[in-house]
Amino acid sequence: MALRGPAGLGPGSRKPSDEAVAAAEGREAPALVAPRASPEDDEEDDGRGRGLLRWDGFSAWLHCVCVVGFDLELGQAVEVIYPQHSKLTDKEKTNICYLSFPDSNSGCLGDTQFCFRFRQSSGRRVSLHCLLDQFDKDLPVYLKKDPAYFYGYVYFRQVRDKTLKRGYFQKSLVLISKLPYIHFFHTVLKQIAPEYFEKSEPYLEAACNDVDRWPAPVPGKTLQLPIMGVVMKVRIPTCHDKPGTTQIVQLTQQVADTLISVILPTVHEVDLFRCFCPVFLHSQMLWELVLLGEPLVVMAPSPSESSETVLALVNCISPLKYFSDFRPYFTIHDSEFKEYTTRTQAPPSVILGVTNPFFAKTLQHWPHIIRIGDLKPAGEIPKQVKVKKLKNLKTLDSKPGVYTSYKPYLNRDEEIIKQLQKKHQTFINFFSCLMPLQKSISPWKSPPQLRQFLPEEFMKTLEKTGPQLTSRIKGDWIGLYRHFLKSPNFDGWFKARRKEMTQKLEALHLEALCEEDLLLWIQKHTEVETVDLVLKLKNKLLQADRECLPVKPDTVEKLRTHIDAIILALPEDLQGILLKTGMT
């Protein structure tokens with residue numbers, strides 16, 4: 001939106017005050033949002049002071065909690081959904097039912113924990129929680145919510161029970177959430193699931209009431225989260241944290257900390273070394289396959305190994321986000337089964353974790369398959385699997401290994417993951433060159449546009465500044481970058497980065513407006529032009545709040561002060577109309 005200066009604004013044919021009234025009455029702007037709370041207020045604010053309703057606190061963390069049991073006539077069935085008003089479509093319930101139980105061949109006796117991810121039904125109405133959207137902007141890109149998907153965190157129990165016809169007690173407690181906080185929600189389930197299986201629904205209701213009283217999941221703040229007599233202490237990362245580091249929550253000597261039962265060093269990370277241990281020698285090749293968005297299947301003996309390995313693969317390219325679809329646990333009953341297993345087209349860019357032996361035949365045409373055995377307990381080093389040709393993956397009892405004909409671009413290096421995580425800096429440095437200079441931003445013109453990204457121009461810069469000049473990792477860096485530019489991960493990263501820089505330009509434009517003497521400007525312009533300016537300034541404020549622009553709070557307050565001063569300088573009839581239309 002351009003704010004036109006003196007050259008672009010001319011007097012109209014009617015009386016100025018009449019035109020101004022018409023402009024004000026015909027272009028009503030929405031009411032302004034309330035001023036943001038100060039940092040001091042925020043420290044004391046657990047979300048209740050923001051006018052949150054019953055279950056709003058719960059909804060900030062979870063969509064719902066499901067109990068899935070086994071019915072002799074119906075098979076897997078959702079027995080309980082809590083809170084009861086939670087909305088799930090029939091398709092979503094079906095997916096949850098099948099994804100909450102291990103395949104029958106897994107033989108999971110006792111307690112098993114795993115994670116799944118499923119697509120939100122297209123017919124569902126998306127409800128946006130404005131408060132959570134503001135928190136989302138401060139998260140690292142790889143932790144931002146994906147509006148199209150839900151996560152399911154499962155605690156499954158299967159024990160012998162002679163009193164039941166089937167001979168076994170089989171039930172899953174499942175947390176459904178938009179948040180990818182794998183480690184956190186698995187820890188929550190460890191605290192509440194065992195007792196739930198003993199005490200049933202009243203216990204579950206009490207646990208959900210505890211969650212509803214939690215503070216909002218604000219990135220960067222240390223949160224104390226009580227649940228059923230246990231207090232968990234966590235910190236959600238922010239986009240300002242140094243990449244590759246974990247802000248570990250430390251136990252202090254404060255009296256309040258005597259209540260802390262569980263301290264979580266991370267909310268989202270999985271044990272990369274444990275998951276990659278059987279394939280550690282090939283971790284660099286797997287990093288390339290994930291980075292390039294290649295179709296990957298993980299065949300594992302149980303949902304635990306399947307989901308942990310898929311999540312480790314997705315995390316291994318952090319701080320880049322994996323933008324394609326991934327399913328930590330995928331079954332033949334999944335609503336996307338036909339879409340992902342068809343042979344009529346090339347396999348999609350997706351990572352699937354499977355346990356059913358049927359997939360060994362169904363997905364035999366996929367180009368990259370990782371077959372793993374049981375993950376060893378911490379401290380035990382499993383036997384390293386070998387890279388094998390795909391044609392050898394013919395039988396259901398094929399040995400563990402990486403089945404692929406892929407030839408890595410880079411040579412193997414012992415510290416490959418640590419080294420490669422730094423290489424996305426090359427893109428960031430180049431992309432910053434597309435940003436217009438701050439001196440080119442004028443308050444009376446639309447914010448300047450970003451320069452167009454030209455892949456060939458970028459490839460030319462690699463020859464002189466690329467990582468092959470300084471990295472100890474040797475190989476075809478140019479070929480790797482060329483392939484990456486065509487991948488879904490680059491497309492997703494590029495769009496996110498472009499949006500971030502466009503918002504920065506909008507924020508700088510707003511700051512430039514605040515530095516102008518707007519009262520002097522209106523003295524040289526008509527009332528129509530002045531009302532037009534007020535309306536546009538109001539829209540800029542609304543845009544800043546709606547799009548969560550990176551604007552300093554004092555900049556917003558300064559602009560509000562400018563608007564109030566301009567309105568007071570107008571005739572009383574115009575002031576009344578602007579006030580009546582809720583634009584102050």
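The following exchange discusses the cores, a helix packing and the aromatic pairs of a predicted model.

In this model, local features need pLDDT of at least 70 and side-chain atom pairs count only at pLDDT 80 or more, while totals for chains, interfaces and linings use all residues. Residues are numbered from 1 along each chain as its sequence is written, and side-chain values use heavy atoms, with hydrogens and water left out.

Colleague: Which helix gives the largest share of the largest nonpolar core?

Modeller: A nonpolar core is a set of buried Ala, Val, Leu, Ile, Met, Phe, Trp, Tyr and Cys residues joined through side-chain atoms within 4.5 Å; buried means under 20% relative accessible area, exposed over 50% and partly exposed in between, for a 1.4 Å probe and protein chains only. The largest such core has 87 residues, and Trp61, Leu173 and Trp214 are among those with the most contacts inside it. Helices (H or I, at least four residues) and strands (E, at least two) are DSSP runs numbered from the N terminus. Nine residues, the largest share of this core, come from helix 6 (residues 182-199).

Colleague: Is helix 6 roughly parallel or roughly antiparallel to helix 7?

Modeller: Axes are lines fitted to C-alpha atoms, for helices over the stretch in contact (heavy atoms within 4.5 Å), and angles run from 0 to 180 degrees between N-to-C directions. Angles under 35 degrees count as roughly parallel, over 145 as roughly antiparallel, 65 to 115 as roughly perpendicular and the rest as oblique. Helix 6 and helix 7 (residues 201-212) pack at about 150 degrees, with their axes 7 Å apart. Helix 6 is therefore, relative to helix 7, roughly antiparallel.

Colleague: Why is the pair of Trp55 and Tyr82 edge-to-face?

Modeller: Rings of Phe, Tyr and Trp (its six-membered ring) pair if their centres lie within 6.5 Å; planes under 30 degrees apart count as stacked, over 60 as edge-to-face and the rest as tilted. A search of the whole structure finds 25 aromatic pairs. In the pair of Trp55 and Tyr82, the centres are 5.8 Å apart, and the pair is edge-to-face because the planes stand at 85 degrees.

Colleague: How many residues apart in sequence are the parts that Trp61 and Trp214 tie together?

Modeller: Trp61 and Trp214 form an edge-to-face pair, 5.3 Å centre to centre. Trp61 lies in the loop between helix 3 and strand 1 (64-71), and Trp214 in the loop between helix 7 and strand 6 (222-227). Both residues are buried. The parts tied together by this pair are apart in sequence by 153 residues.

Colleague: Is Arg327 buried or exposed?

Modeller: Arg327 is found in strand 10 (residues 325-327). Because its relative accessibility is 0%, Arg327 counts as buried.
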